[in-house]
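Good morning, colleagues. Please take a moment with the sequence and the structure, and then I shall go through several of the features.

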Amino acid sequence: MAGADGDDSLYPIAVLIDELRNEDVQLRLNSIKKLSTIALALGVERTRTELLPFLTDTIYDEDEVLLALAEQLGNFTMLVGGPEYIHCLLPPLESLATVEETVVRDKAVESLRKISQEHSPVDLEVHFEPLVKRLASGDWFTSRTSACGLFSVCYPRVSSTVKAEIRQHFRTLCSDDTPMVRRAAASKLGEFAKVLELDYVKSDIISLFTALASDEQDSVRLLAVEACVSIATLLPQEDLETLVMPTLRQAAEDKSWRVRYMVADKFSELQKAVGPEITKNDLVPAFQNLLKDCEAEVRAAAANKVKEFCENLPEDSREQIIMTHILPCVKELVSDTNQHVKSALASVIMGLSTILGKDNTIEHLLPLFLAQLKDECPEVRLNIISNLDCVNEVIGIRQLSQSLLPAIVELAEDAKWRVRLAIIEYMPLLAGQLGVEFFDEKLNTLCMAWLIDHVYAIREAATCNLMKLVKKFGHEWAQNTIVPKVLGMANDPNYLHRMTTLFCINALSEACGQEITTKQMLPVVLKMANDQVANVRFNVAKSLQKIGPVLESLALQTEVKPVLEKLTTDTDMDVKYFAQEALNVVRHCRSEPLSHSSLLHPRCTSADTPAADASMFFG
């Protein structure tokens, strides 16, 4: 097949073809990934007559090679001569759809679904549909599971006789002896229902849905719940109560927590599919039961849907249903024994305030928010704080401020650095809602303390936080409140804290403007050029490069350039390098300021984790 004799230009192709047979897996994988190059070189005729039969015959290989092959063949339409010859791709893909490894089969099915759209209706019946039948009646469960994913793509474009055969094959697979096949059929039930005529949905799909929802395997039953959403959207409202609801009620009370979890997870979609009347009569009691479920995973999934479920309730009875049926369950979940349940609830409970209005929020929800702000679990407190804007719109944040402060302080000092990081990210939002006076009185000290945290990620986030606060509260506030404290750190005995001063100046210079940068910040940076630690000195060079475009021209010429020129003769190689870089930029000043990320030293990229805080740059 190499067929490259006497033609040097085809030599690389010959090598790739030979690599298809090589014993080294990596070489075979490399060749498979370049299969389109081989096909282009061979031309459409030889690809059809030589390459594809070769691939079909040598289908037994390592899984990663087969996976790459299955993916490549899905894009081969034009390489075999276009849609007219697309059926040539079916034999190798059929073989791949029967292999033992699931990811390979799934990729083969994905490619088959893709190329099915390029078949003409005639070719679909002559070539593609027989392939689906062969897979559906295969001896091994692997081929039968693959067939389940192909019925829906060929059904709409075949004749009524063939449609009847396809429906029969699908019915057979839904009652297959092997659970994996029934699972595959259940996962595709909703998709198949969407392409069927309504009469067949009622006569065929409903009976299959009922059977799968009562399967002995919970992995099959939970997939039937997923199909329920699609089926419910297809049926007229009058048929839902008799055809779907009995099975859905049964699933909501299933003995397996996994099935109940799936019902809880899909509850909002089910609610939209069945409509307001059935929601009031059936889904509200079912949702209450899920919120009180004995399994924490189910309660957490249901708690996650509380806001969405309440939003989708009929408007005329929404408030009454929430106050009478949902809120009592929510109150119980606030003190749940499982932290994941409480955390899930905390992420959505604030949204109820916009639904229930000011009076109900103050009377019923506010005590719950306050209780969660005092919860022992940091994630619960964080989730409440991260959604404060919902409450602020309705009642104003002052109602929460007395409980808010202790919660923020605790989170700010939490032993886990990720918790501290999360609260920093919400600080600008809190600042805007609480106002400058409250912030200065209660939270300013916290923000400054983060600048000397032992974890670099916290110090970096605290620096960005200051920049956002200056943008929110203005230059004057920065000049009086923030800048003096930041500049005071320049004399700190810890060189990491002195470097944080430089990072803060980099971040604040643009926000504070030319006057504050030139008159207050620049003298401190210039003084730090004589620091004993080389890391501080080269960061001085980088800071001067960063703030250069903001400074007055006179200061650049008379103060900055002499210092940079001095640093270019430093004994440390890095200091000299960065000083020269800065000097080059300052000479052409008035260019765009550098981005914050460019200020990181090559030795410590932004990918460094806080755990690696002992690196040369960050100490």
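Is W450 buried or exposed? In this predicted model, W450 is buried, with a relative accessible area of 2%. The residue belongs to helix α28, which covers residues 436–450. In sequence W450 is 26 residues from I424, and in space the two C-alpha atoms are 8.5 Å apart.

A second pair can be described in the same terms. L496 is found in helix α31, residues 495–512, and is buried at a relative accessible area of 13%. Its C-alpha lies 9.9 Å from that of L451, while 45 residues separate the two in sequence.

I turn now to the charged pairs. The structure holds 28 salt bridges, and I have selected a few of them. R167 forms one with D204, where the closest N and O atoms are 3.7 Å apart. Because R167 lies in helix α10 (residues 160–174) and D204 in helix α12 (residues 198–213), this pair ties together parts that are 37 residues apart in sequence. Both partners, R167 and D204, are buried.

Next come D453 and R420, whose side chains meet in a salt bridge at 3.0 Å, N to O. D453 sits in the loop between α28 and α29 (456–473), and R420 in helix α27 (residues 417–434), so the pair ties together parts that are 33 residues apart in sequence. D453 is buried at a relative accessible area of 11%, and R420 is buried at 5%. Elsewhere, R113, K188 and E191 are joined into one network by salt bridges that share partners.

Within that network, the side chains of E191 and K188 meet at 4.0 Å, N to O. Why are these two separated by about one helical turn? They are three residues apart in helix α11, residues 179–195. E191 is partly exposed, with a relative accessible area of 26%, and K188 also counts as partly exposed, at 26%.

Let us consider helix geometry. Helix α18, residues 276–291, bends by about 45° at L283, and a proline, P285, follows within four residues. The buried residues of α18 include L283, V284, A286 and F287.

Finally, I come to the surface. E62, D63, E64, E100 and E101 form a negative patch there. Of these, E101 is located in the loop between α5 (90–96) and α6 (102–116). E101 is partly exposed, its relative accessible area being 30%.

Thank you for your attention.

Methods. Residues numbered from 1 in each chain as written. Predicted model: local features only at pLDDT ≥ 70, side-chain atom pairs only at ≥ 80, totals over all residues. Heavy atoms only, no water. Patch = residues over 30% accessible without salt bridge, like charges linked within 9 Å, V, L, I, M, F, W, Y side chains within 5 Å. Areas by Shrake-Rupley, 256 points an atom, 1.4 Å probe, with all protein chains shown as cover. Lys, Arg positive; Asp, Glu negative; His and termini not counted. Charge placed at Lys NZ, Arg CZ, Asp CG, Glu CD. Buried < 20%, exposed > 50% of the residue type's maximum accessible area, 1.4 Å probe, protein only. Bend = angle between axes of the 7 residues up to and from the residue.
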